[in-house]
Amino acid sequence: MSAYEKAAAMSGYEATTAQDGPLAALAAHGPRYRLGLGVPPPGAPGWLAADRLLDPYGPELSQLLDTEHRGSGHRTAHAAALTLIAVYAGRVTAAAVLHWALTGRVLDVRPGNVWLRPDPGHGIAEVRLRAFRMLDEPDVPDSPEAGTGSAATVQRVVLTQHLFPLADALRERTRAGLRQLRGGVAHGCATALGASRADPDLLARRWAAFLDGAPGGLAALGDVVAVTRPDGTRRLVYLRRTCCLFYTSAEAVRCASCCLTSRDDRIAAYEGRT
């Protein structure tokens, strides 16, 4: 067994090159990692091409932002934008971040290859890829060299080409703060790892590799902690240093990672001790 296969097996992730294998393996980690394949049928309602969202005054971004604004019941458009960027990063590009963390391979989630359908209640209901393809050769997640090659690629594909341009469009459209928007990007990407069923210690190392040299100052916007829940299972959680203003939504509650809650209280809540 190769080093790559051993690392994948330790994570409960099958090493396979067929598109059905990786997509099924990702979906097994939870609904947020489920990806459809192919362009939505003509006339299918609600689907948006991700590359069209990068126009700050385009109808596609208007639809996405308005759907989140209504669904979450936020008081302002800029608060809706801060919630939107976090849930977007935690769903639309989540599969690519997790796939890279577990295999060292970079799934093509550049905006031109992605379609999505907003949930009328809150968040993103479905994500589809136009085509299934990888963008570089694998590294080995636990090797000393991990994070030096494909990490730069996943940073470029997920951050530079997708999430940061979307954050810039939302900033232009709503005047939401750039630091807060990028805090949502960091939160969503970290949640993309922490919500999976993979080994939290491996994921913490891969998160550090993802942040190493990442643009946008993401490393300063929060950190990850492994917590143990009452049933004995462990998971990775993210502790924010920026606020998404979700407490101004119709739910009127702070998100679990809210920087307005003390670090100790957040960890206790994640561990189920409160």
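Colleague: How many helices and strands are there in the protein chain?

Modeller: The protein chain has nine helices and six strands, and I should say at the outset that this is a predicted model.

Colleague: What share of the residues counts as buried?

Modeller: Of the 274 residues in the protein chain, 53% count as buried. The accessible surface comes to about 11,500 Å², and 51% of that surface belongs to carbon and sulfur atoms. As for how the chain folds back on itself, 68% of the contacts between residues at least 6 apart in sequence join residues that are at least 24 apart.

Colleague: Switching to pockets, what volume does the largest pocket have?

Modeller: The volume of the largest pocket is about 520 Å³. Its lining is made up of 28 residues, and those nearest the centre are Arg32, Ala86, Val87, His187 and Thr191.

Colleague: And which helices and strands supply at least two residues of that lining?

Modeller: Two helices do so, H4 (77–89) and H7 (178–194), together with two strands, S4 (124–129) and S6 (234–240). Sorted by class, the lining has 14 nonpolar residues, nine polar ones and five charged ones.

Colleague: Let's stay with H7, then: how many of its residues are buried?

Modeller: H7 is mostly covered, with 13 of its 17 residues buried. From its first C-alpha to its last the helix reaches 24 Å, which is close to the 24 Å expected at 1.5 Å a residue.

Colleague: What does Val185 touch in there?

Modeller: Val185, which lies in helix H7, touches Ile85, Ala89, Leu159, Leu163, Phe164 and Leu218, once residues up to four places away in sequence are set aside. One of these partners, Leu163, is 22 residues from Val185 along the chain, with 6.8 Å between the two C-alpha atoms.

Colleague: Why does Val185 count as buried?

Modeller: Val185 counts as buried because its relative accessibility is 0%, and the cut-off for that class is under 20%.

Colleague: Is Arg179 buried, exposed or partly exposed?

Modeller: Arg179 also lies in helix H7, but its relative accessibility is 49%, so it counts as partly exposed, given that exposed begins over 50%. Not counting residues up to four places away in sequence, Arg179 touches Ala220, Leu221, Arg241 and Thr242. Its C-alpha is also 9.1 Å from that of Leu218, a residue 39 places apart from it in sequence.

Colleague: What about the loop between H6 and H7, which residue there has a positive phi without being a glycine?

Modeller: That is Arg175, found in the loop between H6 and H7, and its phi is about 70 degrees although it is not a glycine. Arg175 counts as exposed because its relative accessibility is 61%. There is also a glycine with a positive phi of about 70 degrees, namely Gly73, which comes just after H3.

Colleague: Since you bring up H3, which of its residues are buried?

Modeller: In H3 the buried residues are Glu60, Leu61, Ser62, Leu64, Leu65, Thr67, Glu68 and Ser72. The elements covering them include strand S2 (48–49), H4, strand S3 (114–118), S4 and helix H6 (150–174). Helix H3 itself runs over residues 59–72, and its 14 residues reach 20 Å from first C-alpha to last, close to the 20 Å expected at 1.5 Å a residue.

Colleague: And H8, what covers its buried residues?

Modeller: The cover for H8 includes H5, H6, H7, strand S5 (222–228) and S6. The buried residues in question are Pro200, Leu202, Leu203, Arg206, Trp207, Ala209, Phe210 and Leu211. The end C-alpha atoms of H8 are 16 Å apart, which agrees with the 16 Å that its 12 residues should span at 1.5 Å a residue.

Colleague: One last residue, where is Arg110 found and what is it in contact with?

Modeller: Arg110 is found in the loop between helix H5 (94–103) and S3. Leaving aside neighbours within four places in sequence, Arg110 is in contact with Arg133, Leu135, Val157, Gln161 and His162. Gln161 is 51 residues apart from Arg110 in sequence, yet the C-alpha to C-alpha distance is 6.4 Å. Arg110 counts as partly exposed because its relative accessibility is 33%.

Notes:
Residues are numbered from 1 along each chain as its sequence is written. This is a predicted model: local features need pLDDT of at least 70, side-chain atom pairs count only at pLDDT 80 or more; totals for chains, interfaces and linings use all residues. Side-chain values use heavy atoms; hydrogens and water are left out. On a 1 Å grid over the protein atoms alone, a cavity is a set of points where a 1.4 Å probe fits but cannot get out, and a pocket is an open set with protein on both sides within 12 Å along at least five of seven lines; lining residues have an atom within 4 Å of a point. Grid points are joined across faces, edges and corners, and a volume is the space filled by probe spheres set on the points. Helices (H or I, at least four residues) and strands (E, at least two) are DSSP runs, numbered from the N terminus. Ala, Val, Leu, Ile, Met, Phe, Trp, Tyr, Cys and Pro count as nonpolar, Asp, Glu, Lys and Arg as charged, and the others, Gly among them, as polar. Buried means under 20% relative accessible area, exposed over 50%, partly exposed in between (1.4 Å probe, protein chains only). Contact means heavy atoms within 4.5 Å. Accessible areas come from the Shrake-Rupley method with a 1.4 Å probe; for residues, only the protein chains shown count as cover. The expected span of a helix is 1.5 Å times one less than its number of residues.
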